[in-house]
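Work through the two exercises below with the coordinates open, and try each task before reading its solution.

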Amino acid sequence: MTTPIEPLDALSPADRQRLTEVWEAAVRATHHFLGEDDIQFFKPLVRDAYLDSVRLACLRDADGRILGFVGTADDKVEMLFVDPACHGRGIGRALMAHALAGGAHSVDVNEQNPQAVGFYRHLGFVQYTRSEVDGSGKPFPILHLRFEEDCP
């Protein structure tokens, strides 16, 4: 059982720690193209910068533990991560529905993460362009997707 989607306007140290744990567990479960050095490169950026650069919302279980979260900026989903122990339970779908209702209609996804690519396509996103490198200049191709209703 989960609670309703909750905005995270001010992160407590415990929430910041849990979001980072969810991020790392999800990345380890789905981003098989990343090496340990890559994960350790991104982890402090997520914890200390990226979480503060987006509007966050999360889903918690009945005990208050964060199961997944979405971060948006302007009209874009910048991050969506779900605890791998909870994959397949509709948490990602619920968080994306929340983001879409809030005006987000685009997302970038690692091309080398077929699970995520399939998830977004299943929700109605279509690719409109591709980048050879990620936002950090690393050689991880990015697919730029937008919600199908927004496409001409």
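A crossing is called right-handed if the near helix is turned clockwise from the far one by less than a right angle, and left-handed if the turn is anticlockwise. The structure used here is a predicted model.

**Exercise 1.** Determine how helix α3 and helix α4 pack, giving the angle and the distance between their axes, and then state which residues meet.

*Solution.* Begin with the geometry: α3, which covers residues 91-101, and α4, which covers residues 114-122, pack at an angle of about 55°, and their axes lie 11 Å apart. Because angles of 65 to 115 degrees count as roughly perpendicular and those under 35 as roughly parallel, this value makes α3 oblique to α4. Next comes the handedness, and here α3 passes α4 in a right-handed crossing. Finally, list the residues in contact: Gly92, Arg93 and Met96 on the α3 side meet Phe119, Tyr120 and His122 on the α4 side. Sorted by class, this contact has three nonpolar, two polar and one charged residues.

**Exercise 2.** Find how many disulfides a search of the whole structure gives, and explain why Cys58 has no such bond.

*Solution.* The search of the whole structure returns zero disulfides. For Cys58, the closest cysteine sulfur is that of Cys86, at 12 Å; since a disulfide requires the sulfur atoms to be within 2.5 Å, this separation is too far for a bond. Viewed from the other side, Cys86 is likewise in no disulfide, its nearest cysteine sulfur being that of Cys58. As a last step, consider accessibility: Cys58 counts as buried at 0% relative accessibility, and Cys86 is buried with a relative accessible area of 6%.

Technical notes
Residues are numbered from 1 along each chain as its sequence is written. This is a predicted model: local features need pLDDT of at least 70, side-chain atom pairs count only at pLDDT 80 or more; totals for chains, interfaces and linings use all residues. Side-chain values use heavy atoms; hydrogens and water are left out. Axes are lines fitted to C-alpha atoms, for helices over the stretch in contact, and angles run from 0 to 180 degrees between N-to-C directions. Helices (H or I, at least four residues) and strands (E, at least two) are DSSP runs, numbered from the N terminus. Angles under 35 degrees count as roughly parallel, over 145 as roughly antiparallel, 65 to 115 as roughly perpendicular and the rest as oblique. Contact means heavy atoms within 4.5 Å. Ala, Val, Leu, Ile, Met, Phe, Trp, Tyr, Cys and Pro count as nonpolar, Asp, Glu, Lys and Arg as charged, and the others, Gly among them, as polar. Buried means under 20% relative accessible area, exposed over 50%, partly exposed in between (1.4 Å probe, protein chains only).
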